[in-house]
Amino acid sequence: MTLDNKKTALNFQLRRLLILFLVSMVIIFFYNTDYLREPFLGVSRGAYTIILIGLYLLYYMTGIVRNYNYFFFSDNGLKLIFRFYSLRPLSKRQSSIEIDKPNFISYSIKKPAFGFFKKLYLSQRMPNGTIATYPPVSISLLKKSAIAKLEQSLKSFSKG
């Protein structure tokens, strides 16, 4: 089985740019026309500008805090392959985890902060017999159906 959220990751990045464009256009419209020159409902044009920028920054920071990732998973062949990279701005680090199927021990998906984050934890047996646990991978951008498929696949290979 192969799981890839390329389309969802691309849609997230495009949505973020589209919202930035719309907020910018509304602010430019406010300051280049006579619209809202006088306070509307007791709120000035500057206050509306600050509110719009604040709402955009809240949306933008939510994506940064949740650490959305592009995520690829494949269980074809002799290895479990996980590839991911963060969609945070200026984050170009791409990571890959490859685990031989016989060495795969366990996985867990944890949802701290009332499910606001979703993180995948992986463990494997090393050649010297110790168990290694990988740093968590954020799967917050995956849809529920994709997480269910991922869990079903990992459960079939899990020994713990």
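## A pair of phenylalanines in the sheet

Which residue is the bridge partner of Phe71 in S3? In this predicted model, the partner of Phe71 is Phe84. Let's begin with the strands around that bridge and work outwards.

Strand S2, made of residues 69-74, pairs with S3 in the antiparallel sense, and 6 bridges join the two. They belong to an open sheet of 4 strands, ordered S1-S2-S3-S4 and paired antiparallel. S1 and S4 stand at the edges with a single partner strand each, so one side of each has no neighbour in the sheet. From one strand to the next, the twist averages 10°. As a reminder, strands of a sheet pair through backbone hydrogen bonds, in either a parallel or an antiparallel way.

## Two helices side by side

Next, have a look at H1 and helix H2, the latter covering residues 45-66. Their axes come within 10 Å and cross at roughly 170°. With angles over 145 degrees counted as roughly antiparallel, that crossing makes H1 roughly antiparallel to H2.

From H1, the residues making the contact include Phe12, Ile19, Leu20, Val23, Ile27, Phe30 and Tyr31, along with Arg15 and Arg16. H2 answers with residues including Tyr48, Leu52, Ile53, Tyr56, Tyr59 and Tyr60, with Arg45, Gly46 and Gly63 also taking part. By class, the contact has 14 nonpolar, 3 polar and 3 charged residues.

## The loop after H2

Follow the chain from H2 towards S2 and you will meet Asn67 in the loop between them. Its backbone deserves a quick check: phi of Asn67 is near 55°, a positive value in a residue other than glycine.

## The largest pocket

What about open space? The largest pocket holds about 300 Å³. It is lined by 15 residues, and those closest to its centre are Asn69, Phe84, Arg93, Ser95 and Pro136. Here Phe84, the bridge partner of Phe71, turns up again.

Strand S3 (79-86), strand S4 (94-100) and strand S8 (137-138) are the elements that give two or more residues to this lining. Sorted by class, the lining has 6 nonpolar, 7 polar and 2 charged residues.

## The second largest pocket

The second largest pocket contains about 200 Å³ of space. Its lining includes Thr2, Leu3 and Asp4, as well as Lys7, Thr8 and Asn11. Leu142, Lys143, Ser145, Ala146 and Lys149 are also among the lining residues.

Two or more residues come from each of strand S1 (2-4), helix H1 (6-32) and helix H4 (144-157). This brings back both the edge strand S1 and the helix H1 that contacts H2. The lining divides into 3 nonpolar, 5 polar and 4 charged residues.

Methods
Residues numbered from 1 in each chain as written. Predicted model: local features only at pLDDT ≥ 70, side-chain atom pairs only at ≥ 80, totals over all residues. Heavy atoms only, no water. 1 Å grid on protein atoms, 1.4 Å probe; cavity = no way out; pocket = protein on both sides within 12 Å on 5 of 7 lines; lining within 4 Å. Points joined across faces, edges and corners; volume = space filled by probe spheres on them. Nonpolar A, V, L, I, M, F, W, Y, C, P; charged D, E, K, R; others polar. Pairing = 2+ DSSP bridges. Axes fitted to C-alpha atoms, helices over the stretch in contact; angles between N-to-C directions. Parallel < 35°, antiparallel > 145°, perpendicular 65-115°, else oblique. Contact = heavy atoms within 4.5 Å.
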